[in-house]
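Open the structure in your viewer and keep the selection tool ready. The tour below goes stop by stop.

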Amino acid sequence: MALRWYVVHAYSGFENQVKRSLKERIHRMGMEDRFGEILVPTEEVVEMRDGQKRKSERKFFPGYVLVQMEMDEDTWHLVKDVPRVLGFIGANQDRPTPLSEKEAEAILNRMQEGAEKPRPKVLFEPGEVVRVIEGPFNDFNGVVEEVNYDKSRLLVAVQIFGRSTPVELEFHQVEKT
């Protein structure tokens with residue numbers, strides 16, 4: 001049988017602990033040949049704090065662990081019996097459905113992209129109302145017109161003397177209202 005990707009539902013916040021426990025259990029049972037990678041889907045994010053850019057990791061599927069494995073009775077029980085595992089995601093409880101190759105590849109690519117080029121922690125969308133918290137337009141409210149994630153900048157329409165004026169601001173200069 002070939003190794004396929006399965007999604008394991010774990011307690012939120014305990015994903016890395018489940019990953020460690022699962023690896024220990026696989027090693028103890030001598031089933032390394034029936035398991036591949038075990039991943040907690042995360043991406044690197046950048047946020048501005050105290051004027052400094054800080055990188056951190058964010059789980060983009062909180063409460064889930066990806067396990068590459070050969071599905072049979074023994075491996076199914078090994079995973080299900082790990083503490084803080086709620087079960088598999090898929091068709092039914094005794095025969096979970098593996099992820100398609102396309103779905104697994106999309107998740108792995110997203111993890112790779114997040115490591116190469118971190119995303120901002122707060123995402124903005126055009127039409128969203130934001131409040132300026134820094135700079136000459138401090139305490140003004142405005143509407144996001146354009147978002148440039150490559151440069152971490154926004155074009156915000158701010159009302160000045162009753163007229164809408166486009167102002168270019170950095171992500172750390174605004175907050176969502």
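Begin with strand 8 (residues 129-132) and strand 9 (residues 141-148), which pair in the antiparallel sense over 3 bridges. Keep in mind that this is a predicted model. Select Arg-131 next: opposite this residue, in strand 9, stands Asn-141.

Now widen the selection to the whole sheet. It is open and has 5 strands in the order 11-10-9-8-12, with antiparallel pairing. Strand 11 and strand 12 (174-176) are the edge strands, each pairing on one side only. On average, neighbouring strands of this sheet are turned by 45° against each other, direction ignored. As general background, strands of a sheet pair through backbone hydrogen bonds, either parallel or antiparallel.

Go to strand 11 (residues 163-170) and select Thr-165, which is found there. Is Thr-165 buried, exposed or partly exposed? Its relative accessible area is 28%, so Thr-165 counts as partly exposed; the class lies between under 20% for buried and over 50% for exposed. Not counting residues up to four places away in sequence, Thr-165 touches Val-156, Ala-157, Val-158 and Ile-160. Then add Thr-177, 12 residues apart from Thr-165 along the chain: their C-alpha atoms are separated by 19 Å.

The next stop is the largest nonpolar core, with 20 residues. Among those with the most contacts inside it are Leu-22, Phe-35 and Val-79. Elements that give two or more residues to this core include helix 1 (15-29), strand 5 (64-69) and helix 2 (73-80). Select Val-79: leaving aside neighbours within four places in sequence, Val-79 is in contact with Val-8, Leu-22, Phe-35, Met-69, Val-85 and Phe-88.

Finish at a second, separate core of 12 residues, which includes Phe-124, Val-132, Val-144 and Val-174.

Conventions
Residues are numbered from 1 along each chain as its sequence is written. This is a predicted model: local features need pLDDT of at least 70, side-chain atom pairs count only at pLDDT 80 or more; totals for chains, interfaces and linings use all residues. Side-chain values use heavy atoms; hydrogens and water are left out. Helices (H or I, at least four residues) and strands (E, at least two) are DSSP runs, numbered from the N terminus. Buried means under 20% relative accessible area, exposed over 50%, partly exposed in between (1.4 Å probe, protein chains only). Contact means heavy atoms within 4.5 Å. A nonpolar core is a set of buried Ala, Val, Leu, Ile, Met, Phe, Trp, Tyr and Cys residues joined through side-chain atoms within 4.5 Å. Two strands pair if DSSP finds at least two bridges between them. Axes are lines fitted to C-alpha atoms, for helices over the stretch in contact, and angles run from 0 to 180 degrees between N-to-C directions.
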